[in-house]
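Open the model in a viewer and keep a selection panel at hand. The stops below go from the whole chain to single rings.

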Amino acid sequence: MSSNAWKKFNENAEDVDHLIDIYKGLVTLYKETGGGEPEGAEVLFKSAIVLMVSNWEAYIEDVTSEALEHIVRKSEDSTGIPKEIKKKIRAAILAEKN
């Protein structure tokens with residue numbers, strides 16, 4: 001079974017594919033009409049790269065969150081949670097002003 005993070009990542013990857021398809025189509029159109037590469041078209045490709053990196057970052061955050069939720073759900077008590085995770089949770093709680 002795929003995680004929700006993976007499903008979301010694949011959905012977001014479709015936007016990257018669309019940007020690359022638009023870039024390829026524009027380049028092909030220009031070449032077929034006797035032109036070279038269209039000026040400024042590389043910004044579409046660069047945008048696709050930035051979007052892909054952003055999607056990857058979101059995926060890593062989402063899958064990490066899912067993993068932590070899984071660990072907590074499967075633990076009968078706090079002894080089942082790794083010590084380093086408990087330290088980070090404690091630090092986050094103490095840092096909260098509310």
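The tour begins with the overall fold and then turns to aromatic side chains.

This is a predicted model, in which local features need pLDDT of at least 70 and side-chain atom pairs count only at pLDDT 80 or more, while totals for chains, interfaces and linings use all residues. Residues are numbered from 1 along each chain as its sequence is written, and side-chain values use heavy atoms, with hydrogens and water left out.

**Whole chain**

Show the protein chain as a cartoon: three helices and zero strands appear, in the order α-α-α along the sequence. Helices (H or I, at least four residues) and strands (E, at least two) are DSSP runs, numbered from the N terminus. The radius of gyration is 22 Å, well over the 13 Å that the globule rule gives for 98 residues, so the protein chain is more spread out than a compact globule. That radius is taken over C-alpha atoms, and the rule is 2.2 Å times the number of residues to the power 0.38. Switch to the C-alpha trace, which spans about 70 × 35 × 20 Å along its principal axes.

Colour by accessibility next. Buried residues make up 14% of the 98 residues; buried means under 20% relative accessible area, exposed over 50%, and partly exposed in between (1.4 Å probe, protein chains only). Of the contacts with a separation of 6 or more, 52% are between residues 24 or more positions apart, a contact being heavy atoms within 4.5 Å.

**Aromatic rings**

Now select Phe, Tyr and Trp. A search of the whole structure finds six aromatic pairs. Rings of these residues (for Trp, the six-membered ring) pair if their centres lie within 6.5 Å; planes under 30 degrees apart count as stacked, over 60 as edge-to-face and the rest as tilted.

Zoom in on Trp6 and Phe9, a stacked pair with 5.4 Å centre to centre and 25 degrees between the planes. Both lie in helix α1 (residues 4-32), three residues apart, about one turn of the helix. Trp6 is partly exposed at 36% relative accessible area, whereas Phe9 is buried at 8%.

Which ring should be added to Phe9 to see a tilted pair? Select Tyr59: its ring and that of Phe9 are 5.4 Å apart centre to centre, with 50 degrees between the planes. Phe9 lies in helix α1 and Tyr59 in helix α2 (residues 42-74), so this pair ties together parts that are 50 residues apart in sequence. Tyr59 is buried, with a relative accessible area of 15%.

Finally, add Trp56 to the selection: ring pairs link Trp6, Phe9, Trp56 and Tyr59 into a cluster.
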